[in-house]
Amino acid sequence: MDNTNKKITKLDVEGLSLKSVSLWQITWRRLFRRKSALVGLGILSLLVFIALTCQWIAPYNPYNVLIGVESVKSRQAPCIHLLGCPSDQPQHIMGIDGNVRDEFSRLLFGSRLSLMIGFTTVGFAIVIGTILGALAGYFGGWVDNVIMRLMDVLLAFPSLLLAIAIVTVLGPGLQNALLAIGIVSIPSYARVVRASVLSVREMDYVSATRALGGGTIQILFRRIMPNALTPLIVQGTLGIATAILDAAALSFLGLGAQPPTPEWGSMLGSERNQVFTAPYLVFYPGLAIMLTVLSFNLLGDGLRDALDPRLAHISG
Amino acid sequence: MTTYLLRRFFSSIPVLIGILFVTFALSRLIPGDPCRAILGEKATDKVCNEFIHRHGLDRPIPVQFAVYVGEISRGDFGTSFRYSQPVTRILGERLPTTVELSFAALILSLLVGIPLGIISAVRHNSWVDVLTMFWANIGVSMPVFWLGLMLAYIFALLLKGTPFALPPSGRLSAGVIAPTLADFWGLSVTKGTISYTIIDFIGRMNVLNALLTGNWELLGDALKHLILPAAALGTIPMALIARMTRSSMLDVLGQDYIRTARAKGLAKSLVIMKHAFRNALLPLATIVGLSLGGLLGGAVLTETIFSLSGVGRSLYEAITARDYGIVQAFTVVIAVFFVVLNLIVDISYAYLDPRIRLD
């Protein structure tokens, strides 16, 4: 403490302007100190890069059936020139899928869908969950009771089972799968927001705003909600991981993305009976799902530590 | 303690009613005509009307709901359209598979997860710790269905012919039969009674059956078939348990009373197990309770991959076939099971930590 004070006075004396350090800068610095978070950020950056550039870096069109284009067979094993595959054969580093398409190109395009699934479902769940949680926490009483009991009911089902049930009602398809996963993830965000609202609702600065004539909306969104932001970011990052995993499971069961969409879960699902004859068609999509989920998990854990106010003494 | 238990018990009643309502609503909202889904596309209107009337589907929705709740409270889950059998009987046949699988997965994850977590905490920042946490991170990120398929590929194909080969599907090898317990013990119980149901239920869990009848061949075969699905299903909870044990042990190991215990000369192992681990158990109870819900969800995928006819796979099949009776019954049973588990977790919390009771 003494040290910082001295620094400030010194800077003041010399007439230099003090650079303020925002919470985000501190968070970034802390995040960069954690190896695991860096690994997560690295994988994620690679994925985003692939998702943005796949139409240029993919060697083939992911929907193109190669019958008559090249002399390749359905479910042909990978052919990598560097690993001794004869150079007169076309290179397919992850092999050919059951419908004679290049597996590697499909895998690259799958990154777009996975990231899109993660962000849209969690975005949807955060918006709805925040509204519900804020209402429950701020108004209390029967509003709180009704909303939170409803959330309890949703939480009473294992999330994947509930998502399966909802998709069956809505009909299979990517959009409905996204909606189902969005719905089942609402309760965790509602809980996080409600807890933050409850913890600051009676604070003096909130009463002060009310005394100054601030309306409910202003109090809720300008005074109370900023407190819920950090737990929401952490929960959201980890939630993306779960959402991607659940969406892949739904597609695997044939309830999510439908063929020929290059989605990892559905690519894996359509080849699952060939695991003994063409294991590469099962291995690579699963590996891609795992790496994506891993990157969000590592980043989420890193953010939780970086944003933890209890660790504030470790200054940025 | 009693007040706490009662309050906790009554607070779960609205949730139970909510579950009944949600399952009822979901099964009635499933698009498509149940009659033609069961009797085939060519069923005539006359046959269909009769079918709908027989199953009470022509009555007003609130009446259907009231009838439904009344029946469930009497333990009657109705009949399956598809199998024309009471749903409870189908449930009785399929549930033991899922229960056996879930418990095997849970036991596996506890047996591996807890020691790994303790070692990681005690040897904080050592290579064991780094490696364990690396694997734990991978473990929670792995899609269950992918892990299952890869395990099947490795153990059933790559290791074929070695002593490590394991079967990729089913519960028992051809020719191995689990005896009916009632017959084995020479008990005369009539079908339909509660004692028959319980004995039948236990008998359908192959491992338990083998242990009770002392049938070692059956035990070996059942375990062989159980290992791969249990490993696939148990990996995520195992990773969660290892992480939770580690962080909760790290919290406790930093406490003053641990230093005191060490300072007064107690052996390190005694301090770790008696002073530290017991206090680190509390957060672990929550994770175990929550994991069981995940296990039930993961059972759908695991049972599909390993061709096990358990509750999860039947539920999935019933949904695609619009078999209302099974969908309702199985979701209700799974959700109620989950609520009861959480109740048990909360109660064990109160038992483990006296401060909670007084709240």
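Here is a quick tour of a predicted model, from its confidence values to its helices and core. Residues are numbered from 1 along each chain as its sequence is written, with chains lettered from A and ligands numbered from 1 in the order in which they are written. Because the model is predicted, local features need pLDDT of at least 70 and side-chain atom pairs count only at pLDDT 80 or more, while totals for chains, interfaces and linings use all residues.

**Confidence**

Chain A has a mean pLDDT (the predictor's confidence in each residue, from 0 to 100) of 85, and 91% of its residues reach 70 or more. Among the elements of chain A, helix α4 (residues 103-139) has the highest mean, 93, and helix α1 (residues 2-13) the lowest, 48. Helices here are DSSP runs of H or I, at least four residues, numbered from the N terminus. In residues 1-11 of chain A the pLDDT is below 50, and this stretch has 3 contacts in the model beyond near neighbours in sequence. Two residues are in contact if their C-beta atoms, placed from the backbone, lie within 7 Å. Residues 312-316 of chain A also stay under 50, with 5 contacts beyond four places in sequence. Where pLDDT is low, the predicted coordinates should not be read in detail.

**A residue in α4**

Ser105(A) sits in helix α4 of chain A. Ser105(A) counts as buried because it has 23 C-beta neighbours inside 10 Å; the cut-off for buried is 20 or more other C-beta atoms within 10 Å. Not counting residues up to four places away in sequence, Ser105(A) touches Ala58(A), Pro59(A), Tyr60(A), Asn61(A) and Pro62(A).

**Two bent helices**

The bend at a residue is the angle between axes fitted to the seven residues ending there and the seven starting there. The expected span is 1.5 Å times one less than the number of residues.

| Helix | Expected span | End C-alpha distance |
|---|---|---|
| α6(B), residues 87-122 | 52 Å | 50 Å |
| α7(A), residues 174-200 | 39 Å | 39 Å |

α6(B) bends by about 35° at Arg94(B), and Pro96(B) follows within four residues. In α7(A) the bend is about 35° at Ser185(A), with Pro187(A) following within four residues. α7(A) is mostly covered, with 19 of its 27 residues buried.

**The core**

A nonpolar core is a set of buried Ala, Val, Leu, Ile, Met, Phe, Trp, Tyr and Cys residues joined through C-beta atoms within 7 Å. The largest has 165 residues, of which Ala163(A), Ile164(A) and Ile244(A) touch the most other members. Helix α12 (residues 216-253) of chain B gives the most to this core, 18 residues. Beyond four places in sequence, Ala163(A) has contacts including Ala180(A), Ile181(A) and Val184(A).

How values were computed:
Helix = DSSP H or I, 4+ residues; strand = E, 2+ residues; numbered from the N terminus. Buried ≥ 20, exposed ≤ 12 C-beta atoms within 10 Å, placed from the backbone.
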